[in-house]
Amino acid sequence: MKPKQLSEATLAQVRAAVARPRYAREACRVGWLHFGPGAFHRAHQSYYADRLLEQDPRWAISAVALHSSAVRDVLAPQNDLYCLVELAETARLRVIGALREILVAPQERPAVYARLESPETRLVTLTVTEKGYCLDGDGRLDLEHPDIAHDLRAGDAVRSVIGFLAEGLRRRRTRGTAPFAVVSCDNLPDNGPTLRAAVTAFAAEHDPELARWIEQEVSFPRTMVDSITPATDADLIARVAAESGLYDAWPVQREQFTQWVIEDVPAVRVADWAAVGVTLTRDVTLYDRAKLRVVNGAHSALAYLGLLRGHATVAEAMRDPQVARYVEQLLREEVAPGLPASESLDIGSYIEATLERFRAPSVRHQLAQIAWDGSKKLPVRLLPSVTDAMTAGRSWERLALALAAWMRFVIGRARAGGALTDPHAERLLAIGRACTDQPQQDVARFLGLEDIFPPALAGAVAFTTAVVAAYRGLGANGSLPE
Ligand code: CS2
């Protein structure tokens, strides 16, 4: 018999081992607006909100989906309740009650603006992935990006998160309402300042006064977010039904480890973050760099190399001794020397802990999921380590190998006639099809993509030579040079 579906009405029937909201949901108020209610948000920021709500009813979340209505539609019969599975040898299940509503922006703009304007909204967070920021190759707002070009002419009928933030802030300023803090939770270096610059640039196109106000009055703290969140699959749905006794149509899962570091500015000191395990600190840059280069850099390297070698998950790739050795050397010898020594973060231990997380057999993290959007990920995860190594005259063969593995991966997809999830998919697949296994020419085709490889780097002979050598050594099936 199919179990009953999770909802307010059935919540009391969930098995005792499953944690559930220890607060009255109906008494909670929305103080937090979030753009992008994907799995990462539901496994990370919503979990922290759920814990904040145990002591403070102001932190229920209104979540805004920018494009698809899928999350809203699936969670509606569940009153926006869903199960979070914390993966470990013995998994822990928790019903999260922090989502108060899910709005689908193109259909519900007035409701989105009402939340953006409300004085009760003190915090706006984002998980819209790298591409959601509509940046150019230099990390600045791309005014020619189709969504931005559209939004600049759209009045308040915008579709990008940048457009919503600028219009929401304009309305608050007009009404004399204090601004909210805007917290980017995406894997971008200097995510706060980058977002501030993008929103300010957008506003400046119509209203330089507004741009100045945003620049001076609105806080965009930097953050570092970390928790490995494999996509939901049928196994997870079945597991939740079996272990909770209720059917959840869209549960989420993540490793047990979770971290959130936010830059300590007055505008975020509105909640008791310490009580729920969130770190506020003056200097996030250190954590942010280490996270992007170590965790995300290694992930992307593992994804492309692992897929070429026929592996499906991170843990499986880590059981391949050659891959495991490669990643460890990549991190210890080529990435770590580019990170500043610090008393608050020991890079050696950080690397050790990261590799341990990658090895965890309970976390089935698909390499194909990490391989998405390579054109947006490589420039922030791997190229900064390359530039540092080149400047310091250190070797960076393994970083070059990761870039070459990405090229081989794209070529493989193109030849197989397969799809590629990437904002530059069409251009990449065309390049992949044009490649003829001549290392010099193949690599040159990729390095010509200025959005990914800054011309100053791609034009450096030392850079090209190293990537060509790595590409030649790698082979089409990811065989590693001894
Ligand atoms: C991963 C990240 O999919 C990816 O590109 O590298 O989602 C990674 O799992 C998280 O950033 C970990 O915090």
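A residue counts as buried when its relative accessible area is under 20%, and T223, with a relative accessible area of 2%, is therefore buried. The structure is a predicted model, and the chain's secondary structure comes to 21 helices and eleven strands. Its radius of gyration is 23 Å, close to the 23 Å that the globule rule gives for 482 residues, so the chain is as compact as a globular protein of that length. The points below move from the chain as a whole to the ligand, to helix 7, and then to individual residues.

**The chain as a whole**

- Measured out along its principal axes, the C-alpha trace of the chain spans about 65 × 60 × 50 Å.
- Of the 482 residues in the chain, 56% count as buried, while the accessible surface comes to about 19,400 Å², with 51% of that area belonging to carbon and sulfur atoms.
- Among the contacts in the chain with a separation of 6 or more, 75% are accounted for by residues 24 or more positions apart.

**The ligand and its surroundings**

- The residues around the ligand are N187, D226, S227, I228, K291, N296, H299, H365, I370, K377 and R381.
- Polar side-chain atoms approach oxygen atoms of the ligand from two of these residues, with K377 contributing one that lies 2.8 Å from a ligand oxygen and N296 contributing one that lies 3.0 Å from a ligand oxygen.
- From S227 it is a polar backbone atom that takes part, at 2.9 Å from an oxygen atom of the ligand.
- Taken alone, the ligand exposes 340 Å², and the protein buries 88% of that area.

**Helix 7 and what covers it**

- Helix 7 runs over residues 191-204, and at 1.5 Å a residue its 14 residues should span 20 Å, which agrees with the 20 Å that separates its end C-alpha atoms.
- The buried residues of helix 7 are N191, G192, T194, L195, A198, V199, T200, F202 and A203.
- An α-helix has 3.6 residues a turn, so residues three or four places apart point the same way.
- The cover over the buried residues of helix 7 includes both helices and strands, namely strand 6 (123-126), helix 5 (146-152), helix 6 (161-175), strand 7 (181-184), helix 8 (208-217) and strand 8 (223-226).

**Strand 8 and the loop before it**

- T223 lies in strand 8, and a polar atom of its side chain lies 2.4 Å from the backbone oxygen of S184.
- Leaving aside neighbours within four places in sequence, T223 is in contact with V183, S184, C185, N191, W260, V261, I262, V284 and D288; of these, N191 is also listed among the buried residues of helix 7.
- S219 is found in the loop between helix 8 and strand 8, where, apart from neighbours within four places in sequence, its contacts are F180, A181, V182, V265 and A267.
- Although S219 and V268 are 49 residues apart along the chain, their C-alpha atoms are separated by 8.3 Å.

**R122 and A324**

- R122 is found in the loop between helix 4 (109-117) and strand 6, and because its relative accessibility is 37% it counts as partly exposed.
- Not counting residues up to four places away in sequence, R122 touches G31, R58, W59, F180, A181 and V270; F180 and A181 also appear among the contacts of S219.
- The C-alpha atoms of R122 and C134, twelve residues apart along the chain, are separated by 25 Å.
- A324 is found in helix 12 (residues 321-335), and beyond residues up to four places away in sequence it touches A317 and M318.
- The C-alpha atoms of A324 and W372, 48 residues apart along the chain, are separated by 22 Å.

**Backbone angles in two loops**

- Most residues other than glycine have a negative phi.
- D80 has a phi near 65°, a positive value in a residue other than glycine; it lies in the loop between helix 3 (70-75) and strand 3 (82-87) and, at 9% relative accessibility, counts as buried.
- T129, which is not a glycine, likewise has a positive phi of about 65°; it is found in the loop between strand 6 and helix 5 and is partly exposed, with a relative accessible area of 32%.

Notes
Residues are numbered from 1 along each chain as its sequence is written. This is a predicted model: local features need pLDDT of at least 70, side-chain atom pairs count only at pLDDT 80 or more; totals for chains, interfaces and linings use all residues. Side-chain values use heavy atoms; hydrogens and water are left out. Helices (H or I, at least four residues) and strands (E, at least two) are DSSP runs, numbered from the N terminus. The expected span of a helix is 1.5 Å times one less than its number of residues. Buried means under 20% relative accessible area, exposed over 50%, partly exposed in between (1.4 Å probe, protein chains only). Contact means heavy atoms within 4.5 Å. A residue is near a molecule or strand if one of its heavy atoms lies within 4 Å of it. A polar contact is a pair of N or O atoms within 3.5 Å; within protein, one must be able to donate a hydrogen and the other to accept it, and residues adjacent in sequence count only if both atoms are side-chain atoms. Accessible areas come from the Shrake-Rupley method with a 1.4 Å probe; for residues, only the protein chains shown count as cover. The radius of gyration is taken over C-alpha atoms; the globule rule is 2.2 Å times the number of residues to the power 0.38.
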